[in-house]
Amino acid sequence: MLDKRMQDALNGQINAELYSAYLYLSMSSQFAELGMAGGRNWMHVQFQEELFHTQKFFDYVVERGGRVLLTAIDKPDQEWPTPLAMFEHALAHEGKVTGLINGLADLALELRDHATLQELQWFIGEQVEEEATADDMVKKLRLVQDAPAALYEIDKELAARVFTPPLPAAR
Ligand code: FEO
């Protein structure tokens, strides 16, 4: 059975993951407006990843006999001045999420909740990947400084990203 403090913290993380999904869907919408189909796709894949994270936390809380309580999701930003600004925001956001996951791990340690700590190991590894993926795009976009011809090429790269849900055994 989950400790009430852990359950509340995990519910908070479910809200944070849904906010992340919302944020990336908002970015996907701006890429669509810009006519960058690759950027739209990349952000939509990120949206799907965040929904997967949400579901993974949801399933874990339920599996431990806890109760998921959904709360209001904050409104995400809707406009960014450039594609680079969007990816810089994504990178900064993932840094914040990493801090949240680390906070959950700290609480699990304090409560000697080893099951939750084990569950969080997957997310700790996932955050390394999430930050690295956003950082890679920030570096590329900084190099080209939003030059249209280069953006066209980068958009093709962004179009290649696909969402691959991890196998259930990865839990
Ligand atoms: Fe759910 Fe992007 O971390």
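**Exercise 1. Check the span of helix H2.**
In this predicted model, compare the span that helix H2 should have with the distance between its end C-alpha atoms.

*Solution.* Start with the residues: helix H2 covers residues 37-63, which makes 27 residues. Next, take the rise of 1.5 Å a residue, applied to one less than the number of residues. That gives an expected span of 39 Å. Finally, look at the end C-alpha atoms, which are 39 Å apart, so the two values agree. Follow the chain just past H2 and you meet Gly65, which has a positive phi of about 80 degrees.

**Exercise 2. Classify two aromatic pairs.**
How many aromatic pairs are there, and how are the planes of Phe31 and Phe87 arranged?

*Solution.* Begin with the count: there are six aromatic pairs. In the pair of Phe31 and Phe87, the ring centres are 6.1 Å apart and the planes make an angle of 50 degrees. Planes under 30 degrees apart would be stacked and those over 60 edge-to-face, so this pair is tilted. Now place the partners on the chain: Phe31 belongs to helix H1 (residues 4-34) and Phe87 to helix H3 (residues 83-110), with their positions 56 residues apart. Both Phe31 and Phe87 are buried.

Try the next pair in the same way. Phe52 and Trp122 are also tilted, at 5.9 Å centre to centre and 55 degrees between the planes. Because Phe52 lies in helix H2 and Trp122 in helix H4 (residues 114-144), their pair ties together parts that are 70 residues apart in sequence.

**Exercise 3. Buried or partly exposed?**
Decide which word fits Phe52 and which fits Trp122, then look around the two rings.

*Solution.* The cut-off for buried is under 20% relative accessible area. Phe52 has 23% relative accessibility, so Phe52 counts as partly exposed. Trp122 has 17%, so Trp122 counts as buried. Looking around them, you find one aromatic cluster made of Phe52, Phe57, Trp122, Phe123 and Phe163. Lys56 lies over the face of Trp122, 4.9 Å from the ring centre. Elsewhere, Trp42 has the charged end of Arg161 over its ring, 4.1 Å from the centre.

**Exercise 4. Explore the largest nonpolar core.**
Which residues touch the most other members of this core, and which helix gives the largest share?

*Solution.* The core has 22 residues, and Met27, Met43 and Phe87 touch the most other members. At least two residues come from each of H1, H2, H3, H4 and helix H5 (148-159). The largest share is that of H1, with six residues. To see the surroundings of Phe87, set aside its neighbours within four places in sequence: its contacts are then Phe31, Trp42, Met43, Met137, Val138, Leu141 and Leu158. Another core, of 18 residues, lies apart from the largest one and includes Leu10, Val97, Ile101 and Leu104.

**Exercise 5. Describe the setting of Thr116.**
Find out where Thr116 lies and what its side chain joins.

*Solution.* First, locate Thr116 in helix H4. At 1% relative accessibility, Thr116 counts as buried. Its side chain makes a polar contact of 2.7 Å with the side chain of Asp113. Beyond neighbours within four places in sequence, Thr116 is in contact with Leu2, Met6, Leu10, Tyr60, Arg64 and Ala108. Take Met6: its C-alpha atom is 8.5 Å from that of Thr116, while the two residues are 110 residues apart along the chain.

Notes:
Residues are numbered from 1 along each chain as its sequence is written. Side-chain values use heavy atoms; hydrogens and water are left out. Helices (H or I, at least four residues) and strands (E, at least two) are DSSP runs, numbered from the N terminus. Rings of Phe, Tyr and Trp (its six-membered ring) pair if their centres lie within 6.5 Å; planes under 30 degrees apart count as stacked, over 60 as edge-to-face and the rest as tilted. Buried means under 20% relative accessible area, exposed over 50%, partly exposed in between (1.4 Å probe, protein chains only). A charge sits over a ring if NZ of Lys or CZ of Arg is within 6 Å of the ring centre and within 35 degrees of the ring normal. A nonpolar core is a set of buried Ala, Val, Leu, Ile, Met, Phe, Trp, Tyr and Cys residues joined through side-chain atoms within 4.5 Å. Contact means heavy atoms within 4.5 Å. A polar contact is a pair of N or O atoms within 3.5 Å; within protein, one must be able to donate a hydrogen and the other to accept it, and residues adjacent in sequence count only if both atoms are side-chain atoms.
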